[in-house]
Amino acid sequence: MKGSHMVVRVDGDACPVRASILQITNKHKVETIIYTDVNHEFSYETTCVITVDQGIDSVDLAIVKDIKVGDVVITNDYGLASLVLGKKGYAMDANGRAFTLNNIDQLLFERHMHKSLRMMKKKHKGPKKRDRHADVLFRENFEALLLQLKPYS
């Protein structure tokens, strides 16, 4: 693909919706790149997979280095989502929730509070178990985002 175009970049380590992402991006002919570290290697015939060294945030840093304005990043990492928004990209988690300038500060604050509670050995409610509804919601919201962003001629 030539010129400026949207790319979907996937934080692939432990991403439960890789198959859905690839099915939807193939359907809409949107370039997709999956990022992973050496501990989670996999390959796909029709999709570029970038494997980076193991390390804290190594996948996140590779995505941030490569992202362009208008790209979409699928991640459950609030810190990465914040950086994506700062680079004028779009971010969505594996449950179909869009990260926006309106919700990212609250999400980062909640992450900080949960980390503080864990350090004090206090219990807090973790995420609920993933269910089929989360998969359906992701597919619907991801496809809607692509339709909104992708210029069709």
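**Exercise 1. Classify Arg97 by its accessibility, then examine its salt bridge with Asp93.**

Step 1. Arg97 has 33% relative accessibility and so counts as partly exposed; buried means under 20% relative accessible area, exposed over 50%, and partly exposed in between (1.4 Å probe, protein chains only).
Step 2. The model is predicted, so local features need pLDDT of at least 70 and side-chain atom pairs count only at pLDDT 80 or more, while totals for chains, interfaces and linings use all residues. Residues are numbered from 1 along each chain as its sequence is written, and side-chain values use heavy atoms, with hydrogens and water left out.
Step 3. The side chain of Arg97 meets that of Asp93 in a salt bridge, at 3.1 Å from N to O. A salt bridge here is a side-chain nitrogen of Lys or Arg within 4 Å of a carboxyl oxygen of Asp or Glu.
Step 4. Asp93 has a relative accessible area of 3%, so this residue is buried.

**Exercise 2. Find how many salt bridges the structure holds, and describe those of Arg9 and Asp66.**

Step 1. There are five salt bridges in the structure.
Step 2. In one of them, Arg9 pairs with Asp71, and the closest N and O atoms are 2.8 Å apart. This pair links distant parts of the chain, 62 residues apart: Arg9 is in strand S1, and Asp71 is in the loop between helix H2 (58-66) and S4. Helices (H or I, at least four residues) and strands (E, at least two) are DSSP runs, numbered from the N terminus.
Step 3. Arg9 and Asp71 are both buried.
Step 4. Asp66 forms a salt bridge with Lys65, at 3.0 Å from N to O. Asp66 is buried at 18% relative accessible area, whereas Lys65 is exposed at 63%.

**Exercise 3. Locate the aromatic pairs and state the geometry of the pairs of Phe42 and Tyr78.**

Step 1. Searching the whole structure gives three aromatic pairs. Rings of Phe, Tyr and Trp (its six-membered ring) pair if their centres lie within 6.5 Å; planes under 30 degrees apart count as stacked, over 60 as edge-to-face and the rest as tilted.
Step 2. Phe42 and Tyr44 have ring centres 5.7 Å apart and planes at 65°, so this pair is edge-to-face. Tyr44 is partly exposed, with a relative accessible area of 30%.
Step 3. Tyr78 and Phe99 also form an edge-to-face pair, with 5.7 Å centre to centre and 65° between the planes. The two residues are 21 residues apart and link distant parts of the chain, with Tyr78 in helix H3 (residues 78-86) and Phe99 in strand S6 (residues 98-99).
Step 4. Tyr78 is buried at 19% relative accessible area, and Phe99 is buried at 3%.

**Exercise 4. Place Thr75 and list its contacts.**

Step 1. Thr75 lies in the loop between S4 and H3 and counts as buried, at 2% relative accessibility.
Step 2. Its side chain makes a polar contact with the side chain of Asp11, at 2.9 Å. A polar contact is a pair of N or O atoms within 3.5 Å; within protein, one must be able to donate a hydrogen and the other to accept it, and residues adjacent in sequence count only if both atoms are side-chain atoms.
Step 3. Leaving aside neighbours within four places in sequence, Thr75 is in contact (heavy atoms within 4.5 Å) with Asp11, Leu80, Ala81, Met92, Asp93, Ala94 and Phe99.
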